[in-house]
Amino acid sequence: VPPKSSSQPKAVSVTVRGQTISTDPAWFNAPANVLDATSRRLHLQEDHPISITRQIIQSNFPAPTYKFYNDYSPIVTTAQNFDSLGFPPNHPGRALSDTYYINEKTLLRTHTSAHQADTFRANESDGYLIAADVYRRDAIDRSHYPVFHQMEGSMSWDRNQVPGGDVAAAVWKDIENLPKHDIQVDDPNPAMHPERNPLQEAHHSAAEAEAIGVHLKRSLESMVVDVFTRAKAAALKEDPDFVDEPLQMRWVEAYFPFTSPSWELEVYYAGDWLEVLGCGVVQQDLFINAGVPSRLGWAFGIGIDRIAMLLFKIPDIRLFWSKDNRFLSQFQGVSNNLDSLKRFQVFSKYPPCPKDVSFWLSQGSAAGGNTKGAFHENDVMELVRNVAGDVVEDVRLIDEFTHPKTARKSMAYRIVYRSLEHTLTHKEANELHDRVCAALVNDLGVEIR
Ligand code: FA5
Ligand code: MG
C-alpha cells in the first residue's frame with residue numbers, strides 16, 4: 001500500500017475506453033494525467049510519429065504471415081499481465097511502486113506481452129504483431145515516460161505442420177527468405193547459457209532453439225536497418241551532402257520469465273547505447289497453456305517511442321504528447337506515403353532550469369522498499385510529474401547518505417525543468433519547484449533540509 005497522500009486518486013470507478021471498473025482504495029494508484037492518456041491512442045493517430053513508426057515496423061513483418069492487433073484495451077487482469085507469463089507472486093514488477101492498479105486484480109498493462117497468451121490461444125496466424133499504449137511508474141528522463149508504446153511480435157512454427165516434423169530445418173528455410181543486411185552486429189554472448197539463459201530441453205532441441213534465435217535476431221536487425229535507411233533517405237532529400245553516423249547495434253543477454261534464452265537489442269544513439277527491445281524463445285508453457293502445445297517460436301517487445309526517436313531524431317520522449325502544431329504538422333501526409341518521410345526539425349530549444357532538493361526521509365522509511373510507508377523513488381518521480389507535468393525533463397538522485405548518529409537517511413535530487421514550448425521564467429520554475437517541495441512534505445512525509 002503506497003503512503004497516504006493528498007494527491008491520492010479517490011474516484012470510486014474509472015471509465016477507460018467505454019469500460020467502467022470499480023476502484024479499490026487499497027490498490028488504486030493511477031493519477032488523472034495517466035488515466036487521461038488512455039484516450040490518446042497515439043499509435044493509431046494518422047500522421048503521428050508513433051503511428052508512422054508502427055506502420056514502418058509492421059511493413060517489416062508482412063501479412064498474411066503476421067496478423068496485426070492494434071486495438072486491445074489497456075485494462076487487463078493480473079492474470080494476463082503477470083500470471084500467464086510466469087511472473088512469480090513476489091516479482092517486483094507487480095508492486096504498487098511500479099504498476100498502475102485500478103483494483104487488486106485489474107491494472108493498466110505494463111507491457112504488450114499481457115496479450116501473448118490470448119493471442120496464442122486465438123491461433124489465427126503463425127505470426128502476429130500487437131501495438132498498444134503501456135503504463136509504468138518509472139524514472140523521468142528524456143527516454144522514459146509513464147505512458148509509452150510497445151509493439152509485441154511473435155512467430156511460431158507448428159511441429160505438426162512442417163515437413164517431417166523438423167522445425168529446425170523449416171526455420172532455416174524461412175531464414176533464407178528474410179531480407180539480408182550488411183551491418184556487423186555485435187553479439188558477444190553464446191546463444192544460450194546453462195544457468196542464466198538455458199535451453200528448454202524438455203521441449204525442444206538446441207538446433208531448434210538456435211534456428212529460432214537466428215530467425216528472431218535477423219528479423220529484428222533488418223527492421224532496425226530499415227528504420228535507419230528511411231531516416232537517412234529523409235535526411236538526404238534535404239541535404240545531399242548528409243553523412244550519417246554509422247548504425248551500431250549489439251545483442252545483450254537478458255532475462256524474462258516468459259522466454260528462454262532471452263536477449264535485448266541496443267542501438268548506439270546520441271553518444272550512448274539505447275535499449276530498444278527485449279526478446280527470446282517463447283517459454284513452452286505459454287503455448288501449452290494456450291492449447292497449442294505443438295507450436296514453438298519466438299517473441300519480442302519493442303519500445304515504439306524509442307524507435308521513433310531514432311527514426312526522427314526526436315530528442316525528448318515528451319514531444320510525442322505535444323499538441324503543438326509546430327510538432328504535429330511536420331509529419332503531415334506520411335501515414336499515407338511512408339516514403340514522404342521528412343527529417344524532424346527541432347522547432348525550439350529552450351534553456352533548462354535545474355533545481356536541487358534535499359530532504360530527510362521520515363523515520364523508519366528505508367529507501368528502496370515498497371511495503372507500507374516505505375520510500376520508493378518512483379513515488380518521487382510521479383509526484384514531480386503530477387505537479388510539473390510535461391515541464392519536467394529529468395529527475396535524478398545526486399546524493400544520499402545516512403546520518404552516523406541519528407541513522408536518518410538524507411537524499412538529494414536534481415530536477416531539470418524545461419518546457420518544450422516556451423522559455424520558463426525564473427518565477428515559473430521557482431513556483432513549480434516550491435510546489436514540488438511542498439508535495440514532498442505533504443505526500444511523502446519528508447523533511448526538507
Ligand atoms: C518488456 O516489456 C517485455 N515484455 C519485452 C519482451 C516481449 C521480451 C516478448 C520477450 C518477449 P522491457 O521492460 O525491457 O521488456 O521493455 C521493452 C522495451 O520497451 C524496452 O526495450 C524499451 O525500448 C521500452 N521501454 C521500457 N520502459 C520504457 C519507458 N519508461 N519509456 C519508454 N520506453 C520504454
Ligand atoms: Mg528492458
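Helices (H or I, at least four residues) and strands (E, at least two) are DSSP runs, numbered from the N terminus. The exercises below concern a predicted model.

**Exercise 1.** Determine where Pro 64 and Pro 261 lie, and state the geometry of the peptide bond that leads to each.

*Solution.* Step 1: Pro 64 belongs to the loop that runs between helix H2 (49-59) and strand E3 (66-69). Step 2: the bond joining Ala 63 to Pro 64 is cis, its omega being near 0°. Step 3: Pro 261 is part of strand E10. Step 4: the bond from Ser 260 to Pro 261 is cis, with omega near -10°. Step 5: as background, most peptide bonds are trans.

**Exercise 2.** Find the location of Arg 17 and the sign of its phi.

*Solution.* Step 1: Arg 17 is placed in the loop between strand E1 (13-16) and strand E2 (19-22). Step 2: its phi is near 45°, which is positive although the residue is not glycine. Step 3: for context, most residues other than glycine have a negative phi.

**Exercise 3.** Describe the surroundings of ligand 1, beginning with the pocket and ending with the buried area.

*Solution.* Step 1: ligand 1 occupies the largest pocket. Step 2: there are 26 residues around ligand 1, and those that come nearest are His 111, Ser 113, Arg 136, Glu 275 and Val 276. Step 3: at least two residues of the shell come from each of strand E8 (147-158), strand E10 (259-269), strand E11 (272-282) and strand E12 (295-303). Of the contributions to this shell, that of E11 is the most, at five residues. Step 4: consider the polar contacts, for which the cut-off is 3.5 Å between N or O atoms. A nitrogen atom of the ligand lies 2.9 Å from a side-chain N or O atom of His 111. A ligand nitrogen is also found 3.5 Å from a polar backbone atom of Ser 143. An oxygen atom of the ligand is 3.1 Å from a side-chain N or O atom of Gln 150. Step 5: ligand 1 taken alone exposes 680 Å², and the protein buries 94% of that area.

**Exercise 4.** State what the confidence values say about the chain as a whole and about residues 367-372.

*Solution.* Step 1: the chain has a mean pLDDT of 93, with 96% of its residues at 70 or more. Step 2: across residues 367-372 the pLDDT is below 50, and this stretch makes 14 contacts in the model beyond near neighbours in sequence. Step 3: where pLDDT is low, predicted coordinates should not be read in detail. Step 4: the scores of the model are ipTM 0.99 and pTM 0.90.

Conventions:
Residues numbered from 1 in each chain as written. Chains lettered and ligands numbered in written order. Predicted model: local features only at pLDDT ≥ 70, side-chain atom pairs only at ≥ 80, totals over all residues. Heavy atoms only, no water. pLDDT = per-residue confidence, 0-100. Contact = heavy atoms within 4.5 Å. Near = heavy atom within 4 Å. Polar contact = N/O pair within 3.5 Å; in protein donor to acceptor, adjacent residues only side chain to side chain. Areas by Shrake-Rupley, 256 points an atom, 1.4 Å probe, with all protein chains shown as cover. 1 Å grid on protein atoms, 1.4 Å probe; cavity = no way out; pocket = protein on both sides within 12 Å on 5 of 7 lines; lining within 4 Å. Sits in = over half its atoms within 2 Å of the grid points.
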